[in-house]
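Q: I am new to this structure and would love a close look at its interior. Could you walk me through what is packed there, and then turn to the cysteines and the aromatic rings?

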Amino acid sequence: MITIMLIVVSAVLITSIGVQRKEQAYLENQYNVYCGSCHLVPNPENIPKSLWKNKVLPEMAKRMGLKSYNDGSQRYSDLEKQHIKLNNGYPELPLLDNLKWQEL
């Protein structure tokens, strides 16, 4: 009986590890696809968590057109704002939905 339980527990653990690896690979791929479509993707470990949370992610959310963040253009001159608008620097429509953003 103990042998059967050990086999079952082992199978569950192995399956769980496989699922976690697939999920991690999926998230890494999404990160590379969405972030890498505009710029080289940084290694997340090279940027402190506080900087990600307070600077990088809010700015990238704005540049992905997510309206839950302000457009970020208030710190630019009128000329810069004109060029940002011409180049869709802060898109009117989101480039991805909020659920996908939360995954990233």
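A: Happy to! A good place to start is the largest nonpolar core, which has 5 residues: Ala61, Met64, Leu66, Leu96 and Trp101. Please keep in mind that this is a predicted model.

Let's zoom in on one member of that core, Met64. Not counting neighbours within four places in sequence, Met64 is in contact with Tyr34, Pro91, Leu93, Pro94, Leu95, Leu96 and Trp101. Two of these partners, Leu96 and Trp101, are also listed in the core itself.

Now for the cysteines. Searching the whole structure turns up 0 disulfides. Cys35 is in no disulfide, and the nearest cysteine sulfur, that of Cys38, is 8.5 Å away. A disulfide is a covalent bond between the sulfur atoms of two cysteines. Seen from Cys38, the closest cysteine sulfur is in Cys35, and 8.5 Å is too far for a bond, because a disulfide needs the sulfur atoms within 2.5 Å. Cys38 counts as exposed, because its relative accessibility is 62%.

Finally, the rings. The whole structure holds 1 aromatic pair. Tyr76 and Tyr90 form this pair, which is tilted, with 6.5 Å from centre to centre and 45° between the planes. Tyr76 sits in the loop between helix H2 (49-63) and helix H3 (78-86), while Tyr90 sits in the loop between H3 and helix H4 (98-103), so the pair ties together parts that are 14 residues apart in sequence. Tyr76 counts as buried, at 18% relative accessibility, and Tyr90 counts as buried too, at 10%.

Notes:
Residues are numbered from 1 along each chain as its sequence is written. This is a predicted model: local features need pLDDT of at least 70, side-chain atom pairs count only at pLDDT 80 or more; totals for chains, interfaces and linings use all residues. Side-chain values use heavy atoms; hydrogens and water are left out. A nonpolar core is a set of buried Ala, Val, Leu, Ile, Met, Phe, Trp, Tyr and Cys residues joined through side-chain atoms within 4.5 Å. Buried means under 20% relative accessible area, exposed over 50%, partly exposed in between (1.4 Å probe, protein chains only). Contact means heavy atoms within 4.5 Å. Rings of Phe, Tyr and Trp (its six-membered ring) pair if their centres lie within 6.5 Å; planes under 30 degrees apart count as stacked, over 60 as edge-to-face and the rest as tilted. Helices (H or I, at least four residues) and strands (E, at least two) are DSSP runs, numbered from the N terminus.
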